[in-house]
Amino acid sequence: MRWLFDLLYAMAAVLSSPIWLVAMIRTGKIRTDWRGRFGAAPRLGPAPHGRILLHAVSVGEINAIRLLVDALADRPDPPDIVIAATTNTGIARATSLYADRHTVVRYPLDFSFSVGRFLRRVKPTAVGLVELEVWPNFTAALDRAGIPVTVINGRLTERSARRYRWIGPVVRKAMRRLAFVAVQDEAIGRRFIGLGVDELRVLMTGSMKWDTAEIADQVEGDEDLRLALGIDPEKPLIVAGSTAPDEHAMLHAVIEAVGSDVQLMCVPRRPEWFDDAAADLPNCVRRSAGTTPSAPTTRFLLDTIGELRAAYALADVVIVGRSFGRLHGSDMMEPIALGKPVIIGPATSDFRQQMEALRDNDAIIECERDGIASTVRRLLDDPAECAALAERGRDVIRAHQGATMRHAELLMSLLKADS
């Protein structure tokens, strides 16, 4: 069966190459770790207390496991921890967070030879797949080797579940190999069950993203960022985080309508969107330029990875991107945890659970594009409303925390079952 998947993968790669190859060349992603993508991970030695491989696709998932990695590493007899990521930005973020203490590797393409090579080198005792990422050859190889695998912080949208149903037999076989699926809420659990996971193996643990939303009033590096960009502390600053390409020009126009003295910083979700964002933000200062601007401006572009939290700390009001167009929202909890009033658009289906909790407690403001300017103006004119909104949001976060330790116990149980 694995050879059939290899053939199908190869055919799909060849047929779609005019699309993905051109896109990779255009965005610079062609310069990637191809050896790693084909399984050439570092050769790891024995792990006396077991080895847990945590696979997180990109930056968002890498950030979500920060506290989980610490919880596992702080045990009396800690397992060896390996973090795998798929994307270049995910690898960069994982390296900056974990490489001084743990091994960071590239997650392989799901060809059987790539997966086999990867597992022979990494030698995991147990595997945690963050949110989803249940690939047939990878799970089959783990099953043959007797290595337990689970989904942690499980998230499966109805949109994704519908797509998986098109290849139902393949998905069901892969899903049945999971030791358990730790999901964020009951609706997600039902979707996994619908794809073949035994109901008894679905565990409601909540979302680790609530835990990684660290409640704080200051962030290390925020003042350095302000000085580097030349942000005026006497003028209001709106930070638009994780923005999409169709939002930058719109946000520039919106903030112009709010007032000429209001500053705007955009933080695009993906590096390949940086240059277009700069074109949509007239006279913006780019963080990547590395120099303090010589002339004052009210437009800033954070075109680096790993500084979004520091940017949020500087904000008077936060606008969460990827929520005003055809995409499906971005994480709103980090700025709320920093005590910021948060505005978000109507497209938030990827964060349904979090939005329900925040909406029920009047802890976030939802609006359409044509309502952003008036909402921002109202918040800037009413500090008391801002403070109350932010505190309600922090209360919601506190009430939902605790999933990280539940996930740590579940992963440790796999090591004990294997020993």
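Which residues of α19 are buried? In this predicted model, the buried set comprises Cys 386, Leu 389, Ala 390, Gly 393, Arg 394, Val 396 and Ile 397. These residues lie on the same side of α19, because the arc they cover around the axis is only 155 degrees. That pattern has a simple geometric background: an α-helix has 3.6 residues a turn, so residues three or four places apart point the same way. On the other side of α19, Ala 384 and Ala 399 are exposed.

The length of α19 can be checked as well. The helix runs over residues 383–400, and its 18 residues should span 26 Å at 1.5 Å a residue; the end C-alpha atoms are 26 Å apart, so expectation and model agree. Just beyond the helix, Gly 402 adopts a positive phi of about 125 degrees.

It is worth asking next what the buried side of α19 meets. Its buried residues pack against the helices α11 (209–212), α16 (333–337), α17 (352–360) and α18 (372–381), and also against the strands β13 (342–344) and β14 (365–366). Helix α17 can be viewed from its own side too. Its buried residues are Gln 353, Gln 354, Met 355, Ala 357 and Leu 358, and the elements covering them include α11, α16, β13, β14 and α19. A positive phi also follows this helix: just after α17, Asp 362 takes a value of about 50 degrees.

Helix α17 leads on to the second largest pocket, where it gives the most to the lining, with three residues. Helices α8 (158–165) and α10 (186–194), like α17, each supply at least two residues of that lining. In total, 15 residues line the second largest pocket, and those nearest its centre are Thr 157, Arg 191, Ser 349, Asp 350 and Arg 352. Sorted by class, the lining holds seven charged, five polar and three nonpolar residues. The space within the second largest pocket comes to about 180 Å³.

One residue of α10 offers a link back to α19. Glu 186 is placed in helix α10, and it counts as exposed because its relative accessibility is 52%, where the cut-off for exposed is over 50%. Between Glu 186 and Ala 399 there is a separation of 213 residues in sequence, while their C-alpha atoms are 18 Å apart in space. Ala 399, for its part, is one of the exposed residues on the other side of α19.

Methods
Residues numbered from 1 in each chain as written. Predicted model: local features only at pLDDT ≥ 70, side-chain atom pairs only at ≥ 80, totals over all residues. Heavy atoms only, no water. Helix = DSSP H or I, 4+ residues; strand = E, 2+ residues; numbered from the N terminus. Expected span 1.5 Å × (residues − 1). Buried < 20%, exposed > 50% of the residue type's maximum accessible area, 1.4 Å probe, protein only. Arc of directions from axis to C-beta. Contact = heavy atoms within 4.5 Å. 1 Å grid on protein atoms, 1.4 Å probe; cavity = no way out; pocket = protein on both sides within 12 Å on 5 of 7 lines; lining within 4 Å. Points joined across faces, edges and corners; volume = space filled by probe spheres on them. Nonpolar A, V, L, I, M, F, W, Y, C, P; charged D, E, K, R; others polar.
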